[in-house]
Amino acid sequence: MSKFIQLPNINERQAQILYWIKKDKNRFFTVKEIETIYSITNQTARTDLEELVQLQFLKK
């Protein structure tokens, strides 16, 4: 995971998501799942995932 946290514009939650994807390329996430795992608001979870889509790490 340390490799992902060093990427520019990536926070710890996003680095963890990227780590999970590296372990399982078929993994997908829902906003609700991220909300629950990290105990964050819907908007924060949505923003984290949208930023990873914009950086082309995830696809919608």
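Select H2 and H4 first: in this predicted model, the two helices pack at an angle of about 60 degrees, with their axes 10 Å apart. Angles from 65 to 115 degrees count as roughly perpendicular, and H2 and H4 are therefore oblique to each other. Viewed along the crossing, H2 passes H4 in a right-handed manner.

Now show the side chains of this contact. From H2, pick Arg13, Gln14, Ile17 and Leu18. From H4, pick Thr44, Thr47, Asp48, Leu49, Glu51 and Leu52. Coloured by class, the residues of the contact of H2 with H4 divide into four nonpolar, three polar and three charged.

Keep H2, which covers residues 12-23, and add H3, residues 31-38. The axes of H2 and H3 lie 12 Å apart, and the packing angle is about 115 degrees. The crossing of H2 and H3 is right-handed. On the H2 side, the contact is made by Arg13, Gln16, Ile17 and Trp20. On the H3 side, select Ile34, Ile37 and Tyr38. By class, this contact of H2 with H3 has five nonpolar, one polar and one charged residues. Arg13 and Ile17 of H2 are worth leaving on display: they take part in the contact with H4 and in the contact with H3.

Next, hide H2 and bring back H4, residues 42-54, alongside H3. The axes of H3 and H4 come within 8 Å and cross at roughly 115 degrees. H3 and H4 are therefore roughly perpendicular to each other. Their crossing is right-handed. In H3, select Val31, Ile34 and Glu35; in H4, the residues they meet are Asn42, Ala45, Arg46 and Leu49. This contact of H3 with H4 has four nonpolar, one polar and two charged residues by class. Two residues link this stop to earlier ones: Ile34 of H3 is also in the contact with H2, and Leu49 of H4 is also in the contact with H2.

Last, turn to the largest pocket, whose volume is about 320 Å³. Which residues lie nearest its centre? Select Phe29, Val53, Leu58, Lys59 and Lys60. They belong to a lining of 15 residues. Helix H4 gives the most to the lining of the largest pocket, with four residues. To finish, colour the lining by class: eight residues are nonpolar, one is polar and six are charged.

Key
Residues are numbered from 1 along each chain as its sequence is written. This is a predicted model: local features need pLDDT of at least 70, side-chain atom pairs count only at pLDDT 80 or more; totals for chains, interfaces and linings use all residues. Side-chain values use heavy atoms; hydrogens and water are left out. On a 1 Å grid over the protein atoms alone, a cavity is a set of points where a 1.4 Å probe fits but cannot get out, and a pocket is an open set with protein on both sides within 12 Å along at least five of seven lines; lining residues have an atom within 4 Å of a point. Grid points are joined across faces, edges and corners, and a volume is the space filled by probe spheres set on the points. Ala, Val, Leu, Ile, Met, Phe, Trp, Tyr, Cys and Pro count as nonpolar, Asp, Glu, Lys and Arg as charged, and the others, Gly among them, as polar. Axes are lines fitted to C-alpha atoms, for helices over the stretch in contact, and angles run from 0 to 180 degrees between N-to-C directions. Angles under 35 degrees count as roughly parallel, over 145 as roughly antiparallel, 65 to 115 as roughly perpendicular and the rest as oblique. A crossing is left-handed if the near helix is turned anticlockwise from the far one by less than a right angle, and right-handed if clockwise. Contact means heavy atoms within 4.5 Å.
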